Amino acid sequence: MHRMRFVGGVALLTVAMIGCGSTATSLAADGLIPSEPTLVEYADPSRVEGLTTATITDGDSGERSVHIVYPVLADAPRLTERLRAVVTERLDRFTATATRPAGPDGSTRPELNVDWQLPAATEQVVGVRLGVGELTQSGWRESRTTVWYDRVERRAVDSAGLLSGAPALASLAGLVRAELAGRGPGVDASAVRADARLFDSVGFNRHGDLVVEFDDYQVAAGSLGRVAVAVPAGRTEGLLSPTGLRARAAAVRAGRLPVSTPTAESIRESIRAAAAGRPPARSTRAGTVDCAAVKCVALTFDDGPGPATGELLDALAARGARATFFVTGSNAVARPDLLGRMSREGHLVANHTWSHRDLASLPPGRAAHQLTRAQEAIGQAIGQAPTLVRPPYGSAGAGVAEAARGLGLAVVGWDVDAMDARDRDPRAVARRVVAGARPGSIVLMHDVHRPAVEALPEIVRRLSEQGYAFVTVPELFGSAGMRAGGTYRSGPAPAARP
């Protein structure tokens, strides 16, 4: 049985994961209609005090790719329990049914990716929208679930809890059926019933209109993408519960973040912004170690910033070591302070895509969008353009290399895997890294996994005793540099002395 890891982290995600955005399928292909009524906007999670996340990952088994993140609020344990139940049920179902889908080379792995946003975050109510993407033998499928926590009543409810009861649900179903009936071929309005399972993702737009989202294949073919209905606020009077009224009030607050799916123009704009005159990212301490003459090793950390990233930076500073951090773009938006600290203290901040999708499973445009959105978010945080990318799960093909080349990114792998994602013992993690390290090694670790953070002091101590210096990845290659679009798994060993 494959193993999973649950870890904590700072609330990071401020936009929808690619493929689970919030524009309706009726939008024009070349842009977002500003008045689109089903456009959902989200609160900035970096402003929610005391909010952390739990993460479930599995990429080491070779059988599947799993990356799940959901929020944890210290003052809302019932919300956390409900979210945990939702994602655990989805994971169990995925694990039981996922089989390897056919890819170009027959090796595409099943993938489960869960991202989240906050449709509301006030002193009275919190909403959490989970965007779920699954790649199985039947293809890619997206679904959405929104869970609400009423701080006044101290209870968590599913989306149907926004309504005053069964009669209200029946009335809403009728309103939604009537609207869908005019959508044209491909949409089956008769599939809408007064069933809470169909109304499991309900929120509000900035005008207070009630927005109902449907999963792929619930009311339309999956090829149509997201299907959503906005019911005007005036038509929902009398249908909402007290929790629903609080949620609607929260949705019209200012300072929220609009979300959209990628379009051809938005991808072009991301590329322009990602290259907007920023200097290439470079360690402030680059050049202080000559890796052609000294044994060097590059410690790298993926997926963060996480809950212990600050502690990890403290440990690196105390030992005079530096590292390379491959961060996701959504994390960069929420924690620019940590990225700024990394850059100031001589570390290198690099690209790990926007939301940790398996790039090899994506069409070229969406894979490029994962890179460009992350590139721009990181660039805004540190004032420099990242020069390195590590594809999630180490999964990349010719298309990824081509997109990386266009953005000036070298593709970085590793030759030493700490396996901190599945090993709970930091001593074992440290032993594995020390045993595997060679001059020029690139070590894979994760700052969202506690064992890696706890293992770091031992790793640095023991390798330092063996004469190693700890540098960022580009420093391994010295004056030879790293070529955009090239793939690097380790650096050259220092020249032998005569």
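The following exchange goes through a predicted model of one chain, from its confidence to a small sheet and some salt bridges.

Visitor: What is the mean pLDDT of the chain?
Guide: In this predicted model, local features need pLDDT of at least 70 and side-chain atom pairs count only at pLDDT 80 or more, while totals for chains, interfaces and linings use all residues. Residues are numbered from 1 along each chain as its sequence is written, and side-chain values use heavy atoms, with hydrogens and water left out. Given that pLDDT is the predictor's confidence in each residue, from 0 to 100, the score stays under 50 over residues 1-34 and over residues 257-264. With 86% of the residues reaching 70 or more, the mean pLDDT of the chain is 86.

Visitor: Which strands are the edge strands of the open sheet E9-E10-E11?
Guide: Strands (E, at least two residues) and helices (H or I, at least four) are DSSP runs numbered from the N terminus, and two strands pair if DSSP finds at least two bridges between them. The three strands of this sheet pair in antiparallel fashion, and five bridges join strand E10 (residues 210-214) to E11. The strands that pair on one side only are E9 (202-204) and E11 (227-231).

Visitor: Which helix packs on this sheet?
Guide: Contact means heavy atoms within 4.5 Å, and axes are lines fitted to C-alpha atoms, for helices over the stretch in contact, with angles from 0 to 180 degrees between N-to-C directions. The helix touches E10 and E11, and its direction makes about 115° with that of E11; this is helix H2 (residues 166-180).

Visitor: How many residues apart in sequence are the parts that glutamate 376 and arginine 278 tie together?
Guide: A salt bridge is a side-chain nitrogen of Lys or Arg within 4 Å of a carboxyl oxygen of Asp or Glu, and this pair meets that rule at 2.9 Å, N to O. Glutamate 376 lies in helix H8 (residues 364-382) and arginine 278 in the loop between helix H4 (264-274) and strand E13 (296-302), so the parts tied together are 98 residues apart.

Visitor: Is aspartate 195, the partner of arginine 197, buried or exposed?
Guide: Buried means under 20% relative accessible area, exposed over 50% and partly exposed in between, with a 1.4 Å probe and protein chains only. The closest N and O atoms of the pair are 3.0 Å apart, and arginine 197, at 66% relative accessibility, counts as exposed. Aspartate 195, at 15%, counts as buried.
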